[in-house]
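Welcome, and please load the model in your viewer. We will go from one selection to the next, with a short note on what to look for at each stop.

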Amino acid sequence: MSSETDISALYHEFADALTEVLAENSAGPARRGRLARARAAVKKHPNYNEHEYFLAVETAFKQWETIQNAGV
């Protein structure tokens, strides 16, 4: 991804990829490559902000919690 890519879109992609990995179960392996690529893109972006990165992680956990509660 280029440095012109909107950082908020990268945070969103990272959160979605992390949610996917967290939601992995016996159905099969998660797409960890997607997570690694999304994390790398966020970390090397010139507008990277650690606070926003942690918010993306928190968003992923909230999405995962919603998935877990829906399955109950």
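Is Arg32 buried, partly exposed or exposed? Arg32 is partly exposed, with a relative accessible area of 49%. Here buried means under 20% relative accessible area, exposed means over 50%, and partly exposed is in between, using a 1.4 Å probe and protein chains only.

Before moving on, two notes on the ground rules. This is a predicted model, in which local features need pLDDT of at least 70 and side-chain atom pairs count only at pLDDT 80 or more, while totals for chains, interfaces and linings use all residues. Residues are numbered from 1 along each chain as its sequence is written, and side-chain values use heavy atoms, with hydrogens and water left out.

**Stop 1: the whole chain**

Switch to a cartoon view. You should find three helices and zero strands, in the order α-α-α along the sequence. Helices (H or I, at least four residues) and strands (E, at least two) are DSSP runs, numbered from the N terminus. Of the 72 residues in the protein, 28% are buried. Now turn on the surface: the accessible area is about 4,800 Å², and 54% of this belongs to carbon and sulfur atoms. That area comes from the Shrake-Rupley method with a 1.4 Å probe; for residues, only the protein chains shown count as cover.

A contact map is a good companion here. Among contacts in the protein with a separation of 6 or more, 66% are between residues 24 or more positions apart; contact means heavy atoms within 4.5 Å.

**Stop 2: the nonpolar core**

Select Tyr11, Phe14, Leu18, Leu35, Val42 and Tyr53. These have the most contacts inside the largest nonpolar core, which has 16 residues. Such a core is a set of buried Ala, Val, Leu, Ile, Met, Phe, Trp, Tyr and Cys residues joined through side-chain atoms within 4.5 Å. At least two core residues come from each of α1 (7–22), α2 (32–44) and α3 (50–70), and α1 gives the largest share, eight residues.

Centre on Leu18 next. Leaving aside residues up to four places away in sequence, Leu18 touches Leu35, Val57 and Ala60.

Then move to Tyr11, also in helix α1. Tyr11 counts as buried at 8% relative accessibility. With the same exclusion of residues up to four places away in sequence, Tyr11 touches Val42, Asn47, Tyr48, Asn49, Glu52, Tyr53 and Ala56. Try a distance label between the C-alpha atoms of Tyr11 and Glu52: they are separated by 7.6 Å, although the residues are 41 apart along the chain.

For another such label, pick Ser8, which lies in helix α1 and is partly exposed at 42% relative accessibility. Ser8 and Ala56 are 9.4 Å apart, C-alpha to C-alpha, and 48 residues apart in sequence.

**Stop 3: the charged pairs**

Side chains of opposite charge can pair when their charged atoms come close. Taking a salt bridge as a side-chain nitrogen of Lys or Arg within 4 Å of a carboxyl oxygen of Asp or Glu, the count is four.

Which residues are linked in a network of salt bridges? Select Glu13, Glu20 and Arg34 to see that network. The closest N and O atoms of Glu13 and Arg34 are 2.7 Å apart. Glu13 lies in helix α1 and Arg34 in helix α2, so this pair ties together parts that are 21 residues apart in sequence. Arg34 also meets Glu20 in a salt bridge, at 3.0 Å from N to O. That pair ties together parts 14 residues apart in sequence, because Arg34 lies in helix α2 and Glu20 in helix α1. Colour by accessibility: Arg34 counts as buried at 15%, whereas Glu13 is partly exposed at 28% and Glu20 is partly exposed at 27%.

Now return to Arg32. Its salt-bridge partner is Glu24, with the closest N and O atoms 2.6 Å apart. Glu24 is partly exposed, with a relative accessible area of 28%.

**Stop 4: the rings**

Finish with Phe14, Tyr48, Tyr53 and Phe54, which ring pairs link into a cluster. The whole structure has four aromatic pairs. Rings of Phe, Tyr and Trp (its six-membered ring) pair if their centres lie within 6.5 Å; planes under 30 degrees apart count as stacked, over 60 as edge-to-face and the rest as tilted. Tyr53 and Phe54 are edge-to-face, at 5.8 Å centre to centre with 65° between the planes. Tyr53 is buried at 9% relative accessible area, whereas Phe54 is partly exposed at 45%.

Last, add Lys43, which lies over the face of Tyr53 at 4.5 Å from the ring centre. A charge sits over a ring if NZ of Lys or CZ of Arg is within 6 Å of the ring centre and within 35 degrees of the ring normal.
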